[in-house]
Amino acid sequence: MNDHVMHYDVVIVGAGPAGLATAIRLKQKAQDDKKDISVCIIEKAAEVGGHILSGAVFEPAVLDTLIPHWRQDPACPLKVAVCKDRFYMLTEKHAWRLPTPPPMKNHGNYTLSLGNLCRWLAQKAEELGVEIYPGFAASHILYNEQGHAIGIRTGDMGIDKHGEKTPRHEPGIELHVKQIVLAEGARGSLSEQVIEKYGLRHNAQPQTYGIGLKELWDVPAQQHTPGLVIHSVGWPLDARTYGGSFLYHQENHQIAIGFVIGLDYKNPYLSPYDEFQRFKTHPLIAPLLKNGQRVAYGARALNEGGWQSIPKLSFPGGCLIGCSAGFLNVAKIKGSHLAIHSGIILADSLWQSLFSHSTPPKTGVECTDYEKNLYRSSIAQELYKVRNIRPAFQYGLWAGLAYAVLDTYILRGKAPWTLAHHHPDHTTLTPKDKAHPITYPPYDGVITFDKASSLYLSGTNHEENQPCHLQLHTPQRAIDHNLALYDAPEQRYCPAAVYEIINGQDDTPTLQINAQNCIHCKTCDIKDPTQNIRWCPPQGGEGPRYPNM
């Protein structure tokens with residue numbers, strides 16, 4: 001393997017907003033101090049932005065720190081400022097407009113494609129000398145004899161489904177570094193490995209998640225109001241299920257529409273995908289899409305645990321940032337600004353602690369200053385202030401809304417208590433014999449669509465002759481437990497038709513995994529009732545190819 005070893009000062013796993021901000025800031029610090037630092041970003045998507053999915057409404061103030069002259073750059077994708085906010089409570093036939101909660105007021109913010117923002121940031125990073133390698137999936141972390149992280153290894157290419165090398169085999173590359181930055185997004189595979197290895201959640205509550213589903217629509221000009229932002233709660237979800245919608249009018253007569261459902265939902269018959277499709281038929285929403293064309297689809301898990309679920313942020317040889325660390329403000333439904341800010345804080349901490357000195361840093365050093373600096377920052381203040389909003393909804397929609405009003409308008413985030421997340425998401429399903437089946441309306445091919453057509457729009461592709469990246473610890477458990485107790489909920493919580501129960505010639509059921517359909521949302525890794533499914537990176541460059549999500 002000596003021919004496949006590369007050396008850098010810092011390797012960043014993930015070319016999302018957090019990872020790119022870290023790289024840019026490190027290079028800026030090096031320029032200011034007239035020093036040199038080698039920074040590499042590894043990205044599993046075929047191109048930067050190819051796996052990025054977010055609403056997104058973006059708070060731009062953090063860019064004033066990272067790229068002060070962004071407003072003068074014509075290539076910057078912040079084009080459409082939010083002009084109006086609307087917030088609705090939906091019933092099946094009606095929409096009741098409510099006062100917009102203060103955290104959801106977006107004056108001064110922009111609606112945009114987060115994927116395009118990442119592409120722009122990548123250009124800025126490369127101009128500073130950052131090396132970015134898309135199409136390479138980091139498969140595991142390298143450790144020294146002391147158990148300190150000293151690098152990463154990318155996955156082999158050209159391994160067949162039986163684990164044998166094909167004629168196209170290319171071995172993975174080892175990257176030996178001084179520091180590893182994990183910026184993989186929610187439920188990152190390497191992030192979960194180090195959290196478990198080093199016990200980083202020892203003093204934190206379990207992370208909780210939602211699944212966000214999104215479509216892009218091109219609509220007629222008369223139905224489009226650039227900068228209009230609409231959010232809703234209520235229908236089609238019942239009062240016991242947390243979730244809501246977003247609808248953002250972006251540039252070029254395009255609407256981003258999506259639905260988020262908390263993965264602590266209880267009914268095993270609930271299908272997040274079908275709830276989203278049904279939502280689009282509401283009398284408030286359907287007219288906005290009339291005569292429009294759906295041009296993109298995708299889904300992704302997002303962190304909802306907030307303050308209580310933040311793990312220890314550093315370990316010997318590396319750190320967690322962005323959504324890998326759980327930085328998302330659920331009350332605002334925003335995390336990209338926090339991701340970028342955490343990257344800035346980490347870069348400043350790494351530079352001050354390790355790289356500004358005349359003596360090169362050793363491998364495996366833990367940057368403890370990062371966590372101290374982050375907890376002194378506005379990130380901590382912002383997340384602490386809204387820490388009780390999401391846990392309150394464990395008691396139902398009405399209790400959650402009532403508490404949110406109390407916490408926001410009266411207590412102003414200064415309650416002398418901190419509510420707990422009661423259960424990890426995988427433990428919340430009700431057995432099928434105590435749950436009510438849900439009948440979803442048929443797809444009309446105009447406003448609502450089946451999973452196959454949606455999957456096509458995601459651009460998803462995987463080489464079929466490779467090891468399955470969705471691994472079952474105990475295959476039979478999918479039948480003996482999931483099917484027997486919950487009617488195989490993986491058939492419904494997956495938004496891409498990856499999991500399917502089929503009956504053999506002797507009528508024996510088995511779980512078929514259509515791994516080539518996977519859009520890397522990580523929902524199965526989160527929601528499986530016995531944590532029997534483990535999501536691992538497939539070959540680099542595979543998965544969805546989102547154009548501008």
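In this predicted model, Ile 159 sits in strand E11, which runs over residues 157-159. With a relative accessibility of 15%, Ile 159 falls in the buried class, because that class takes in anything under 20%. Neighbours within four places in sequence aside, the contacts of Ile 159 include Glu 164, Lys 165, Thr 166 and His 169. Also on its contact list are Asn 465, Gln 466 and Pro 467, along with Gln 539. As for Tyr 486, that residue is 327 positions away from Ile 159 in sequence, and the two C-alpha atoms are 35 Å apart in space.

Tyr 486 turns up again around Arg 492, a residue of helix H15 (residues 490-493). Arginine or not, Arg 492 is buried, its relative accessible area being 14%. Its side chain has polar company from the backbone: a polar atom of the Arg 492 side chain lies 2.7 Å from the backbone oxygen of Asp 487, and the backbone oxygen of Tyr 486 is 3.3 Å from a polar atom of that side chain. Both distances count as polar contacts, because the limit for such a pair is 3.5 Å. Once neighbours within four places in sequence are set aside, Arg 492 touches a run of residues made up of Pro 268, Tyr 269, Leu 270, Ser 271 and Pro 272. Lys 451 is on the list too, as are Tyr 486 and Asp 487 themselves.

On to the cysteines. Searching the whole structure for disulfides turns up zero. Two of the cysteines show how the sulfurs miss out. For Cys 518, the closest cysteine sulfur belongs to Cys 524, and at 6.2 Å it is too far for a bond. Cys 521 has its closest cysteine sulfur in Cys 494, and the 5.9 Å between them is again too far for a bond. Neither distance makes a disulfide, because the cut-off is 2.5 Å between sulfur atoms. Cys 518 is buried, at 6% relative accessibility, and Cys 521 is likewise buried, at 7%.

Last comes a piece of the surface. Val 405, Leu 406, Tyr 409 and Ile 410 together make a nonpolar surface patch of about 370 Å². One of these, Tyr 409, belongs to helix H12, which spans residues 397-411. Tyr 409 counts as partly exposed, because its relative accessibility is 40% and the partly exposed class lies between the 20% and 50% limits. Arg 492, by contrast, is buried at 14%.

Terms used. Residues are numbered from 1 along each chain as its sequence is written. This is a predicted model: local features need pLDDT of at least 70, side-chain atom pairs count only at pLDDT 80 or more; totals for chains, interfaces and linings use all residues. Side-chain values use heavy atoms; hydrogens and water are left out. Patches are made of residues with over 30% relative accessible area and no salt bridge: like charges are joined within 9 Å, nonpolar side chains (Val, Leu, Ile, Met, Phe, Trp, Tyr) within 5 Å. Accessible areas come from the Shrake-Rupley method with a 1.4 Å probe; for residues, only the protein chains shown count as cover. A salt bridge is a side-chain nitrogen of Lys or Arg within 4 Å of a carboxyl oxygen of Asp or Glu. Helices (H or I, at least four residues) and strands (E, at least two) are DSSP runs, numbered from the N terminus. Buried means under 20% relative accessible area, exposed over 50%, partly exposed in between (1.4 Å probe, protein chains only). A polar contact is a pair of N or O atoms within 3.5 Å; within protein, one must be able to donate a hydrogen and the other to accept it, and residues adjacent in sequence count only if both atoms are side-chain atoms. Contact means heavy atoms within 4.5 Å.
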